[in-house]
Amino acid sequence: MLKELPRKGFRALIQIYNACLRLEHFPRYWKIGQIIMIAKPGKDPTEVTSYRPISLLPLLSKILEKLLLQQLKPLLTSQHLIPDHQFVFRPRHGTIEQAHRLVHKIHENFQHKRYCTATFIDISQAFDKVWHPGLLYKLKRTLPRPLYSILKSYLTNSVFQVRYQEEYTSLHNIHSGVPQESILGPVLYSIFTADLPVS
């Protein structure tokens with residue numbers, strides 16, 4: 001739909017995005033997540049666990065997130081905001097490469113007659129567990145002020161509502177976590193967990 005806009009519409013959108021970046025502000029209406037409930041096949045429809053929640057975010061919000069990610073990517077590399085051993089949500093860092101890295105470490109320790117230990121952590125609902133004050137502290141320490149300010153605006157005062165068929169709940173504040181199905185969510189999660197101890 002956006003691609004079919006006339007030139008005047010594109011100019012209006014560019015003005016809005018430039019204003020967001022200049023004012024370091026993420027519009028409030030672009031921070032409303034709509035959760036739709038998809039029934040899992042063969043499950044009891046009266047049980048809450050029988051539904052898979054899917055988060056829908058405004059399209060205009062995702063475009064602004066992409067613009068912010070373009071500004072963020074060079075900093076991720078130059079300031080090493082995400083450690084080399086973090087493979088999730090990174091280009092050319094897949095499961096196979098991580099498996100090779102693990103095998104190499106084991107082989108290296110085996111050659112030097114050292115014990116090799118590992119801890120594997122599976123965090124359930126990991127994106128929902130991101131503590132906003134902690135993430136904002138890390139972002140403030142490492143990012144330029146304008147980028148930090150707009151990311152702070154992006155994270156604060158976000159709300160969601162649940163939609164089931166044609167029914168909607170009222171809006172509820174989001175106090176922790178990064179938006180599911182968002183462009184910035186995986187990167188912010190990786191920054192938040194970047195300082196997990198490795199030894």
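**Exercise 1. Find out what surrounds the charged end of Lys31 in this predicted model, given that Lys31 is buried yet has no salt bridge.**

Step 1. Start with the possible partners of opposite charge. The nearest such side chain belongs to Glu65, and it is 11 Å away. A salt bridge needs the side-chain nitrogen within 4 Å of a carboxyl oxygen, so Lys31 is left without one.

Step 2. Now place the residue in the fold. Lys31 belongs to the loop between helix 1 and strand 1.

Step 3. Look for a polar partner instead. A polar atom of the Lys31 side chain lies 2.5 Å from the backbone oxygen of Thr156.

Step 4. Finish with the surroundings. Beyond its neighbours within four places in sequence, Lys31 is in contact with Phe26, Ser153, Tyr154, Thr156, Asn157, Ser158 and Val159.

**Exercise 2. Work out how the aromatic rings around Trp30 are arranged, and which residues make up their cluster.**

Step 1. Begin with the overall count: the structure holds four aromatic pairs. In one of them, the ring centres of Tyr17 and Trp30 are 5.6 Å apart and the planes meet at 50°, so this pair is tilted.

Step 2. Trace that pair along the chain. Tyr17 sits in helix 1 (residues 7-23), while Trp30 is in the loop between helix 1 and strand 1 (32-39). The two are 13 residues apart, and their pair links distant parts of the chain.

Step 3. Turn to a pair that also involves Trp30. Its ring and that of Phe26 have centres 6.4 Å apart, with the planes at 80°, so the arrangement is edge-to-face.

Step 4. Check how accessible these residues are. Tyr17 has a relative accessible area of 7% and is buried. Trp30, at 11%, counts as buried, and Phe26 does too, at 0%.

Step 5. Put the cluster together: Tyr17, Phe26, Trp30 and Tyr154 form one aromatic cluster.

**Exercise 3. Describe the place of Cys20 and list what it touches.**

Step 1. Locate the residue: Cys20 is part of helix 1.

Step 2. Judge its exposure. The relative accessible area of Cys20 is 6%, and buried means under 20%, so Cys20 is buried.

Step 3. Collect its contacts. Not counting residues up to four places away in sequence, Cys20 touches His25, Pro27, Trp30, Leu64 and Ile150.

Step 4. Pick out Leu64. Along the chain, Cys20 and Leu64 are 44 residues apart, but their C-alpha atoms are separated by 8.5 Å.

**Exercise 4. Compare Glu24 with Asn157: where does each lie, and is each buried or exposed?**

Step 1. Read the backbone angles. Glu24 has a phi near 55°, a positive value in a residue other than glycine. For Asn157, also not a glycine, phi is positive at about 60°.

Step 2. Find the loops. Glu24 lies in the loop between helix 1 and strand 1, whereas Asn157 lies in the loop between helix 5 and strand 3 (159-164).

Step 3. Compare exposure. Glu24 is buried, at 18% relative accessible area, while Asn157 counts as exposed at 60%.

**Exercise 5. Identify the buried residues of helix 4 and the ring beneath Lys138.**

Step 1. List them: in helix 4 (residues 132-142), the buried residues are His132, Gly134, Leu135, Leu136, Lys138 and Leu139.

Step 2. Ask what covers them. The cover includes helix 5 (145-155) and helix 6 (185-192).

Step 3. Focus on Lys138. It lies over the face of Phe192, 4.8 Å from the ring centre.

Definitions and conventions:
Residues are numbered from 1 along each chain as its sequence is written. This is a predicted model: local features need pLDDT of at least 70, side-chain atom pairs count only at pLDDT 80 or more; totals for chains, interfaces and linings use all residues. Side-chain values use heavy atoms; hydrogens and water are left out. Rings of Phe, Tyr and Trp (its six-membered ring) pair if their centres lie within 6.5 Å; planes under 30 degrees apart count as stacked, over 60 as edge-to-face and the rest as tilted. Helices (H or I, at least four residues) and strands (E, at least two) are DSSP runs, numbered from the N terminus. Buried means under 20% relative accessible area, exposed over 50%, partly exposed in between (1.4 Å probe, protein chains only). A charge sits over a ring if NZ of Lys or CZ of Arg is within 6 Å of the ring centre and within 35 degrees of the ring normal. Lys and Arg count as positive and Asp and Glu as negative; His and the chain ends are not counted. A polar contact is a pair of N or O atoms within 3.5 Å; within protein, one must be able to donate a hydrogen and the other to accept it, and residues adjacent in sequence count only if both atoms are side-chain atoms. Contact means heavy atoms within 4.5 Å.
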